[in-house]
Amino acid sequence: GGGEFVDGARGGGESVEALEKRRSQLTGEVLSFALPVLGACLVEPVLTLIDTWFVGNKLSVAASGIGLAALAANCALFNLITTSLSFFCTATTGVVAREIAKDEDAAGKALVNGLFLSTSVGAIIGALLLIFRTLVLTKGFYVSPETLTAASTYLSIRALSVPAALANYVGTGACLGCGDTITPLYSIIAAVLTNILGDWFFICVLKLGVAGAAA
């Protein structure tokens, strides 16, 4: 633990002050890489919470009840998908970091390959969701007949965003692989603000209901 680290440093001739400084630097470096990865994994649940707030507070009582029930199943589904595929971020980080140390062109090719793979997988998943949406909702998440129409509408629109969500993982990983920990945070903030403005516009202004939350 920490005691062994201190004893080892003393044995190597390092002062306690130098040890603490180095430990602080290491902690800062770890956090600078961990926070963007954590943010990439949490952005989907955060966007879901925003959708839930608008549906629950900006629709009529009857519409909000059906809307929240529709969102519940879809939120669980899309959180499962994005969380299961978050390895695109960590995998891209390692590949880009390794390639950029040898050749920047190779790192660029790795990024292109990652984007192609992630968007392809996302497109396949999105297509499967669109084709089997009724089966997924009724058999997988036990959506009631009263809620099925709203849930199916939400799923149909959100399924189109799966390729972009996976490509975002790759982009975040590529930035981290290049040592850029700021751009992913800006991307997360932009996504949250865009979702808030989008929900306000589509739900409050255009009155699109659950479809507006998915847009």
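## Notebook: a predicted helical model, core first

I began with the interior and found that the largest nonpolar core has 36 residues, among which Phe 78, Ile 81 and Leu 129 have the most contacts inside it. I then listed the elements that give two or more residues to this core, and they are α2 (16-58), α3 (61-84), α4 (87-100), α5 (104-131), α7 (145-158), α8 (162-177), α9 (183-205) and α10 (210-214). Of these, I noted that α3 supplies the largest share of the core, which is seven residues.

**Confidence.** I reminded myself that this is a predicted model, and I looked up how sure the predictor is of it. The average pLDDT of the protein is 85, and 93% of the residues score at least 70. Among the elements, I found the lowest mean pLDDT, 51, in helix α1 (residues 2-11), while the highest, 94, belongs to helix α6 (residues 133-140). I keep in mind that predicted coordinates should not be read in detail where pLDDT is low.

**Phe 78.** Which residues does Phe 78 contact, leaving aside its neighbours within four places in sequence? I found Glu 44, Leu 129, Leu 155, Arg 158, Ala 159 and Val 162. Two names in that list come up elsewhere in these notes: Leu 129 is, with Phe 78, one of the residues with the most contacts inside the core, and Arg 158 takes part in a salt bridge.

**Asp 51 and Arg 158.** I followed Arg 158 to its partner and saw that its side chain meets that of Asp 51 in a salt bridge, at 4.0 Å from N to O. Because Asp 51 lies in helix α2 and Arg 158 in helix α7, the pair ties together parts that are 107 residues apart in sequence. I also checked whether these two residues are covered, and both Asp 51 and Arg 158 are buried.

**The other salt bridges.** How many salt bridges does the count come to? I arrived at three, and the two that remained to be looked up share Glu 99, since this residue forms one with Arg 98 and another with Lys 102. The closest N and O atoms are 3.3 Å apart for Arg 98 and Glu 99, and 3.9 Å apart for Lys 102 and Glu 99. I therefore wrote down Arg 98, Glu 99 and Lys 102 as a linked network of salt bridges. I then compared how open its members are: Glu 99 is buried, with a relative accessible area of 15%, Arg 98 is partly exposed at 49%, and Lys 102 counts as exposed at 61%. Why does Arg 98 not count as exposed? The reason is the cut-off, because exposed requires over 50% relative accessible area, and Arg 98 has 49%. I placed Arg 98 in helix α4, and I noted that its C-alpha atom is separated by 8.0 Å from that of Gly 177, although the two residues are 79 residues apart along the chain.

**Ser 118.** I next looked up Ser 118, which is in helix α5. Is Ser 118 buried or exposed? I found it buried, with a relative accessible area of 0%. Apart from its neighbours within four places in sequence, Ser 118 is in contact with Phe 88, Leu 166, Ala 167 and Val 170.

**Phe 33.** I found Phe 33 in helix α2, where it counts as partly exposed at 34% relative accessibility. Not counting residues up to four places away in sequence, Phe 33 touches Leu 176, Gly 179 and Thr 181. Its C-alpha atom is separated by 8.7 Å from that of Asp 180, a residue 147 places away along the chain.

**A patch on the surface.** I then turned to the outside and noted a nonpolar patch formed by Leu 31, Leu 35, Leu 38, Leu 42, Val 46 and Leu 185, which together have about 480 Å² of accessible area. Helix α2 gives the largest share of this patch, five residues. Leu 185, however, has its place in helix α9, and with a relative accessible area of 33% it is partly exposed.

**Two loop residues.** Last, I looked up two residues with a positive phi that are not glycine. Tyr 142 has a phi near 50°, lies in the loop between α6 and α7 and is exposed, with a relative accessible area of 69%. Lys 207 has a phi of about 60°, is placed in the loop between α9 and α10 and is exposed as well, at 63%.

Note on methods:
Residues are numbered from 1 along each chain as its sequence is written. This is a predicted model: local features need pLDDT of at least 70, side-chain atom pairs count only at pLDDT 80 or more; totals for chains, interfaces and linings use all residues. Side-chain values use heavy atoms; hydrogens and water are left out. A nonpolar core is a set of buried Ala, Val, Leu, Ile, Met, Phe, Trp, Tyr and Cys residues joined through side-chain atoms within 4.5 Å. Buried means under 20% relative accessible area, exposed over 50%, partly exposed in between (1.4 Å probe, protein chains only). Helices (H or I, at least four residues) and strands (E, at least two) are DSSP runs, numbered from the N terminus. Contact means heavy atoms within 4.5 Å. pLDDT is the predictor's confidence in each residue, from 0 to 100. Patches are made of residues with over 30% relative accessible area and no salt bridge: like charges are joined within 9 Å, nonpolar side chains (Val, Leu, Ile, Met, Phe, Trp, Tyr) within 5 Å. Accessible areas come from the Shrake-Rupley method with a 1.4 Å probe; for residues, only the protein chains shown count as cover.
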